[in-house]
Amino acid sequence: MPAGTLLLPLPRLTPMLAAHATPAGITDAVCDIVLQPAARRWWWMALGVALALTGLLAASIFWLLYRGVGIWGLNIPVAWSFAIANYVWWIAIGMGGTFISGALYLTGSDWRAAINRYAEAMTLFAVCVSGLFPILHLGRPWFFYWLFPYPDTMNVWPQWRSSLFWDFTAILAYLLFSAMYWYCGLIPDLATLRDRARSRRRQVFYGLLALGWRGEARQWRQLQRLMLLLAALAVPLVFSVHSMVALDFSEAILPGWHSTLFPPFFVAGALHSGFAMVLLLSLCLRAGFGLHDMITARHVDNMARLLLATSLVMAYCYAAEIFTAFYGGDAGEIATTQARFTGAYAWVYWSTWVCNIAAVQVLWWPRMRRSVPVLLAVAVLILVGMWLERFMLIVTGLYQGVVPSSWGMFYPTFWDLATLAGSVGLFMLLFLLFVRWLPMLSMHELRRLAAKRARHAAGEEAG
Amino acid sequence: MTDAAVYGWMAEFQDASALRDAVRQLRAAGYSHVEAYSPFPVDGVADTLQPPTFNPVAWLVLLGALMGFFGALLLQWYASVLAYPLNIAGRPLASWPAFLPAALEMTFLFAAIFGAVGMLVLARMLQLYHAAFNVERFAAASRDGFFVLVRRDDPQCANGGQSVHALLVQASALAVSEVAA
């Protein structure tokens with residue numbers, strides 16, 4: 001790899017969209033990835049890895065259905081472990097995609113245009129993967145539909161006052177919302193693919209998906225109105241959904257869980273890991289598909305700054321957790337906090353500080369925000385660190401209860417690790433298929449941005 | 001081509017501002033059955049064609065939000081108070097604060113469903129065939145082309161479209177073509 005690709009150009013000298021990018025050029029570049037795919041060896045290799053891991057997930061699920069949750073290392077007292085850590089980790093990654101898309105739409109930021117599509121796709125796939133875990137954890141997963149309120153012959157309703165039911169509604173709403181948000185923004189680009197496809201099968205395929213979009217002025221008006229409203233709903237939705245996830249913990253009266261800090265703390269963590277995943281995917285797509293004109297050094301620099309900001313919020317939350325435990329004076333809370341510092345899982349606790357906060361601080365140096373290896377390392381460390389944080393919160397809340405008779409360790413089994421690795425594979429598989437079959441950048445927003453730039457440039461020359 | 005086989009006349013324009021000017025000129029000349037097509041939303045074109053009186057999508061979203069919120073509350077109240085009341089240490093059956101989280105999530109969900117379905121209907125989508133697609137050049141409308149379509153059923157087109165043709169050319173159209181029905 002040439003040295004130039006490892007160090008990005010200076011962000012302040014880089015326009016948000018390359019100066020030579022025209023509406024037609026953008027359209028052709030994005031469409032060609034889908035319609036005239038070059039033989040990309042890395043894509044096939046990644047697909048092979050993703051398929052192998054997804055196969056591992058399928059085997060794990062089959063074995064789980066056959067033998068039950070006993071194949072995992074969970075037991076009393078640590079009755080929640082990998083499954084719930086995986087669930088929270090994946091849904092949190094999704095949050096970052098929705099937030100970055102919705103918030104940047106509302107603030108009218110130009111740099112949204114290049115990243116919102118794959119960030120939203122990432123959200124959708126992450127939520128799909130996360131939704132598997134609470135179901136698999138149920139014990140009898142084939143009865144998961146009992147969570148849904150429907151008039152059954154047993155005359156039994158869900159427990160409306162339980163945070164588990166709240167969380168079920170949150171996941172359901174979030175999954176359907178992100179699917180609609182993503183699809184509505186995708187419609188004009190599907191029409192572009194329909195108009196540019198040469199084979200009849202593809203014309204019909206994309207034509208059906210495009211739902212008859214013609215680019216009429218009135219269609220644009222309705223779509224713009226809807227996207228504004230959905231963006232305005234998406235931002236509070238992100239906060240509410242991840243607060244519900246946090247309430248799964250804080251509604252329980254366990255030291256280390258029973259805290260009003262949890263909802264905002266979880267939202268901050270969700271944005272942190274979600275932004276890290278968006279950065280990781282941006283760097284991969286940029287290099288893998290040569291999208292340097294559209295995903296520029298400016299985008300990467302902005303995302304790195306966002307990570308820096310969320311890492312500081314995380315540091316505040318970590319510090320506030322320690323402070324409230326000692327300030328509150330509850331013996332159980334203090335014991336749990338001390339167990340985190342020096343107990344059996346202290347290595348996990350301190351790893352979260354290193355991965356989520358300490359490592360991110362290198363991004364204060366502008367040169368580090370231009371270095372691709374540093375950014376990749378930071379993004380991966382955050383993703384690992386955020387998984388460890390969820391694992392740490394779950395296990396340290398459970399393994400040393402208030403009475404020593406309920407103390408016990410958690411050790412993962414092969415199937416715990418296989419299910420986690422398999423979930424990464426399933427996410428990779430969905431994302432790889434997405435970049436192969438659908439436009440990964442929002443062509444219509446980039447066209448509009450290019451036209452706006454051209455108009456400003458013409459205005460400057462004239463003026 | 002016979003009159004019945006003509007849907008209207010389509011003209012292509014250089015850029016967004018030419019499209020905007022052409023639509024303004026057509027509206028000023030009294031044409032009402034006009035459509036404009038562009039590869040990205042062009043400010044002012046939709047407002048010229050149809051002044052924004054009120055925003056139906058916003059009202060649909062509000063309606064969906066209210067239905068989601070009160071519908072979820074009603075379901076929880078019905079199940080807890082009427083269908084399966086459980087007296088646990090005399091606690092209230094209709095414990096509405098605990099019903100709010102699910103109601104909040106359903107507010108978001110139903111607002112989005114109403115908005116998305118409403119947009120599809122209001123934007124006259126789900127219509128897979130349209131006469132505009134008969135123009136070969138029209139595929140550029142989703143890439144970098146700007147088009148105006150004047151329908152034949154416009155009262156101003158009674159003379160067979162000679163005047164609309166002239167007007168479109170005068171508005172600096174790159175090309176004008178007849179659209180087969």
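## Terms and basis

Ala, Val, Leu, Ile, Met, Phe, Trp, Tyr, Cys and Pro count here as nonpolar, Asp, Glu, Lys and Arg as charged, and the others, Gly among them, as polar. The model is predicted, so that local features need pLDDT of at least 70 and side-chain atom pairs count only at pLDDT 80 or more, while totals for chains, interfaces and linings use all residues. Residues are numbered from 1 along each chain as its sequence is written, chains are lettered from A in the order in which they are written, and side-chain values use heavy atoms, with hydrogens and water left out.

## The second largest cavity

A cavity is a set of points on a 1 Å grid over the protein atoms alone where a 1.4 Å probe fits but cannot get out, and its lining residues have an atom within 4 Å of a point. The second largest cavity has a volume (the space filled by probe spheres set on the points, which are joined across faces, edges and corners) of about 40 Å³.

Its lining consists of A:F265, A:Y318, A:E321, A:Y349, A:T352, A:E389, A:M392 and A:L393, of which five are nonpolar, one is polar and two are charged. Helix α12 of chain A (helices being DSSP runs of H or I, at least four residues, numbered from the N terminus) gives the most to this lining, with three residues.

## The largest cavity

The structure holds two cavities of 30 Å³ or more, and the largest encloses about 70 Å³. Among its 14 lining residues, A:W213, A:R214, A:G215, B:A141 and B:S142 are the closest to the centre. The lining comprises seven nonpolar, three polar and four charged residues, and helix α5 (residues 163–196) of chain A contributes the most, with four.

Methods: On a 1 Å grid over the protein atoms alone, a cavity is a set of points where a 1.4 Å probe fits but cannot get out, and a pocket is an open set with protein on both sides within 12 Å along at least five of seven lines; lining residues have an atom within 4 Å of a point. Helices (H or I, at least four residues) and strands (E, at least two) are DSSP runs, numbered from the N terminus.
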